[in-house]
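This report concerns charged pairs and a nonpolar surface patch. Please keep the sequence and the structure at hand while reading.

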Amino acid sequence: MLIRTERVSGQGIGELCANHLVLGLIYIMAGSRIERFGTIYSRLQGLLKSGALSQVDCPIWKSVYEAFPPQREPMYEREIPDQKVRPILYPEDFVRVKYYNTFGNTDVVDMSNESVKTTCQRFVEKYFDLQQKGVHPDELFDKTTEILKAENARLRSTDEIPQSISNMESNSKDDGGKL
């Protein structure tokens with residue numbers, strides 16, 4: 001925000017505003033918060049120039065934006081190109097949908113260790129291995145389930161999970177209420 005005033009007869013901007021007198025020239029230039037005026041980059045530049053934001057607190061995307069500026073400035077008034085959105089579904093997405101609908105999401109994922117695969121990922125890989133070996137499409141899901149259960153994967157259908165919880169609760173009551 002840039003505020004420039006001229007002192008008139010010793011009065012400052014505070015006195016001028018308090019008395020509602022406009023005796024000096026007041027120019028106020030502030031970035032608008034409305035997205036129609038300027039871009040987020042131009043507003044960021046204004047904050048940096050005014051000192052409201054230091055270079056240390058500057059967002060990471062600023063350096064990326066400056067290194068790879070857009071070909072056309074992303075302005076509000078710019079017309080949206082009429083492009084058809086391409087489908088981005090992959091064959092494994094359909095397998096994952098069926099997996100999660102059948103078994104739910106019971107895995108605990110360690111985000112710091114990418115080498116450990118989730119049960120769903122192992123299921124998808126095994127599914128496509130069996131598909132390449134020529135297993136009939138109607139039997140693929142069941143065969144994959146059988147193989148992973150044989151490998152001690154925790155595959156319980158969403159119908160089996162409430163039953164196992166109620167079994168655990170009944171067992172805990174028999175043991176004195178400890179789970």
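The model is predicted. Val64 has a relative accessibility of 46% and therefore counts as partly exposed, since the partly exposed class lies between the buried limit of under 20% and the exposed limit of over 50%. This residue belongs to helix α3, which covers residues 61-67. Together with Ile60 and Phe68, Val64 makes a nonpolar surface patch of about 380 Å².

**Charged pairs**

Side chains of opposite charge can pair when their charged atoms come close. With a salt bridge taken as a side-chain nitrogen of Lys or Arg within 4 Å of a carboxyl oxygen of Asp or Glu, the count for this model is five. Three of these pairs are set out below.

| Salt bridge | Closest N to O distance |
|---|---|
| Lys62 and Glu66 | 2.9 Å |
| Lys117 and Glu125 | 3.0 Å |
| Lys126 and Glu151 | 3.6 Å |

**The pair in helix α3**

Helix α3, which holds Val64, also contains a salt bridge partnership: Glu66 and Lys62 stand four residues apart in this helix, so about one helical turn separates them. Their side chains meet with an N to O distance of 2.9 Å. How do the two partners stand in terms of burial? Lys62 counts as buried because its relative accessibility is 10%, a value that falls under the 20% limit. Glu66, by contrast, is partly exposed at 40%.

**The pair Lys117 and Glu125**

Between Lys117 and Glu125, the closest N and O atoms are 3.0 Å apart. Lys117 is partly exposed, with a relative accessibility of 44%. Glu125 is likewise partly exposed, with a relative accessible area of 30%.

**The pair Lys126 and Glu151, and its network**

Which parts of the chain does the salt bridge between Lys126 and Glu151 tie together? Lys126 is in helix α5 (residues 119-132), whereas Glu151 is in the loop between α6 (140-150) and α7 (160-174), so the pair links parts that are 25 residues apart in sequence. Lys126 has a relative accessible area of 23% and is partly exposed. Glu151 is also partly exposed, with a relative accessible area of 39%. The pair does not stand alone: through salt bridges that share partners, Arg122, Lys126 and Glu151 are joined into one network.

Note on methods: Residues numbered from 1 in each chain as written. Predicted model: local features only at pLDDT ≥ 70, side-chain atom pairs only at ≥ 80, totals over all residues. Heavy atoms only, no water. Patch = residues over 30% accessible without salt bridge, like charges linked within 9 Å, V, L, I, M, F, W, Y side chains within 5 Å. Areas by Shrake-Rupley, 256 points an atom, 1.4 Å probe, with all protein chains shown as cover. Helix = DSSP H or I, 4+ residues; strand = E, 2+ residues; numbered from the N terminus. Buried < 20%, exposed > 50% of the residue type's maximum accessible area, 1.4 Å probe, protein only.
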